[in-house]
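Here is a short briefing on one protein chain. Keep the sequence and the coordinates open while reading.

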Amino acid sequence: MTGLPPTSSPRNPHYTLPNKWGFANERLTLLGAAYDPESIALAQRLGVEAGWRCLEAGAGGGSFAHWLCSVTLPGGRVLAVDADPRHLTDLPHRGGEVARMDLVTDELPEGAFDFVHTRFVLLHIAQRDIVLQRLVRALAPGGVILLEEGDGLGVLDELPGAFGEVWRAFARSTETAGANQAWARDLPAYLGAVGLVDVQVEAEIPMFRGGSPMARMWNLTWAQVHETLIALDVSPKVIAAAQAELADEQRWFYAPPTVRAWGRAR
Ligand SMILES: C[S@@+](CC[C@H](N)C(=O)[O-])C[C@H]1O[C@@H](n2cnc3c(N)ncnc32)[C@H](O)[C@@H]1O
């Protein structure tokens, strides 16, 4: 897997982890396995239930959209959009709708959803403020938006070992491509500024074990961005060491924090 060149999506040429990479579906499946339990628990707390009309923006592999279908259908609606929706093919079989859509340039239905969700999407998009406003406009009166986005606060500087060294280079490469690893901490302020009420936020620093789905997801990530890391002067030896660390079941790791912010439309 290492050595495969990164590919670029025609719809979003700056996204650093495009879905057309040969192992992207596997990587997105691992991402879902690592993060879905927390996302689902919070969505349940926020009241997502049968009949809700839901928008999953930047749906990736679609695991969270699958869960939304299982809870809200029949009677509700699940629209999963992505700039590259190639891994969402089985969603229609579960009653969901899929649309190829660039969140920066394409129009979303306005006032149409009881629940709008993103996870690890907006931090990657340079025009994230425009997208956030568009997502808020998609909410029906009383609808809830939940944004789960990564933030490098503290941990990014402190991550030890080869894993940490590779992470810091990866974070730099995403920021060169338009990502912002320090944006998510201001999400509650942004949600308030765009007129939402009942704004709340939580932040979590996940810890994970070598060999776990999260470790395998990062291992595949380093494979996907291998050429980018080399271009940033990370040696193949360090990348291999980071991948060996991640495969070691005796090791435990911090992941960068996840900020989960939500609010309600009046
Ligand atoms: C890190 S993945 C996260 C996938 C999914 N939300 C999850 O957590 O499992 C980011 C996703 O956002 C999509 N994406 C990135 N930029 C986008 C844009 N401008 N418009 C629509 N989707 C975009 C990518 O194609 C990718 O599927």
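The structure holds 13 salt bridges. The model is predicted. Several of these pairs involve the strands of an open seven-stranded sheet, and the notes below take the salt bridges before the sheet and the helices.

**Salt bridges**

- Arg-119 and Asp-36 form a salt bridge, with 2.8 Å between the closest N and O atoms.
- This pair links distant parts of the chain: Arg-119 sits in strand 4, Asp-36 in helix 1 (residues 24-45), and the two positions lie 83 residues apart in numbering terms.
- Both partners, Arg-119 and Asp-36, are buried.
- Asp-114 forms a salt bridge with Arg-53, and here too the closest N and O atoms are 2.8 Å apart.
- That pair joins strand 4, which holds Asp-114, to strand 1, which holds Arg-53; the two residues are 61 residues apart.
- Asp-114 counts as buried because its relative accessibility is 16%, under the 20% cut-off.
- Arg-53 has 33% relative accessibility, so this residue counts as partly exposed.

**The network around Arg-260**

- Glu-148 and Arg-260 meet through their side chains in a salt bridge of 2.5 Å, N to O.
- Glu-148 belongs to strand 5 (residues 139-150) and Arg-260 to strand 9 (residues 258-264), so the pair ties together parts that are 112 residues apart in sequence.
- Which residues share one salt-bridge network? Glu-148, Glu-204 and Arg-260 are joined into one by salt bridges with shared partners.
- Glu-148 has a relative accessibility of 1% and therefore counts as buried.
- Arg-260 is buried as well, with a relative accessible area of 4%.

**The sheet**

- Seven strands make up an open sheet in the order 3-2-1-4-5-9-6, and the pairing is mixed.
- Strand 3 (97-100) and strand 6 (197-204) are the edge strands, each pairing on one side only.
- On average, neighbouring strands of this sheet are turned by 15° against each other, direction ignored.
- Strands of a sheet pair through backbone hydrogen bonds, in a parallel or an antiparallel sense.
- In which sense do strand 1 and strand 4 pair, parallel or antiparallel? Strand 1 (residues 53-57) and strand 4 (residues 113-119) pair in the parallel sense, over three bridges.
- Leu-55 has Val-116 as its bridge partner in strand 4.

**Helices against the sheet**

- Helix 2 (residues 63-72) lies across strand 1, strand 2 (77-82) and strand 4.
- Helix 2 runs at about 170° to strand 2.
- Helix 3 (residues 128-137) has these buried residues: Arg-128, Val-131, Leu-132, Arg-134, Leu-135 and Val-136.
- What covers the buried residues of helix 3? The cover includes strand 1, strand 4, strand 5 and helix 6 (187-193).
- An α-helix has 3.6 residues a turn, so residues three or four places apart point the same way.

**Helix 5 and helix 7**

- The axes of helix 5 and helix 7 (residues 213-224) come within 12 Å and cross at roughly 55°.
- The two helices, helix 5 and helix 7, are therefore oblique to each other.
- Helix 5 passes helix 7 in a left-handed crossing.
- From helix 5, the contact is made by Phe-163, Val-166, Trp-167 and Phe-170.
- From helix 7, the contact is made by Trp-218, Thr-221 and Trp-222.

**Val-166**

- Val-166 is found in helix 5 (residues 161-176).
- Is Val-166 buried or exposed? Val-166 is buried, with a relative accessible area of 0%.
- Beyond its neighbours within four places in sequence, Val-166 is in contact with Trp-222, Leu-229, Val-234, Val-238, Ile-239 and Ala-242.
- Val-166 and His-93 are 73 residues apart in sequence, and their C-alpha atoms are 39 Å apart in space.

**Ala-182**

- Ala-182 is found in the loop between helix 5 and helix 6.
- Ala-182 counts as partly exposed because its relative accessibility is 34%.
- Leaving aside neighbours within four places in sequence, Ala-182 is in contact with Asp-151 and Glu-175.
- Ala-182 and Ala-265 are 83 residues apart along the chain, with 25 Å between their C-alpha atoms.

Note on methods: Residues numbered from 1 in each chain as written. Predicted model: local features only at pLDDT ≥ 70, side-chain atom pairs only at ≥ 80, totals over all residues. Heavy atoms only, no water. Pairing = 2+ DSSP bridges. Helix = DSSP H or I, 4+ residues; strand = E, 2+ residues; numbered from the N terminus. Axes fitted to C-alpha atoms, helices over the stretch in contact; angles between N-to-C directions. Contact = heavy atoms within 4.5 Å. Salt bridge = Lys/Arg side-chain N within 4 Å of Asp/Glu carboxyl O. Buried < 20%, exposed > 50% of the residue type's maximum accessible area, 1.4 Å probe, protein only. Parallel < 35°, antiparallel > 145°, perpendicular 65-115°, else oblique. Left-handed = near helix turned anticlockwise from the far one by under 90°.
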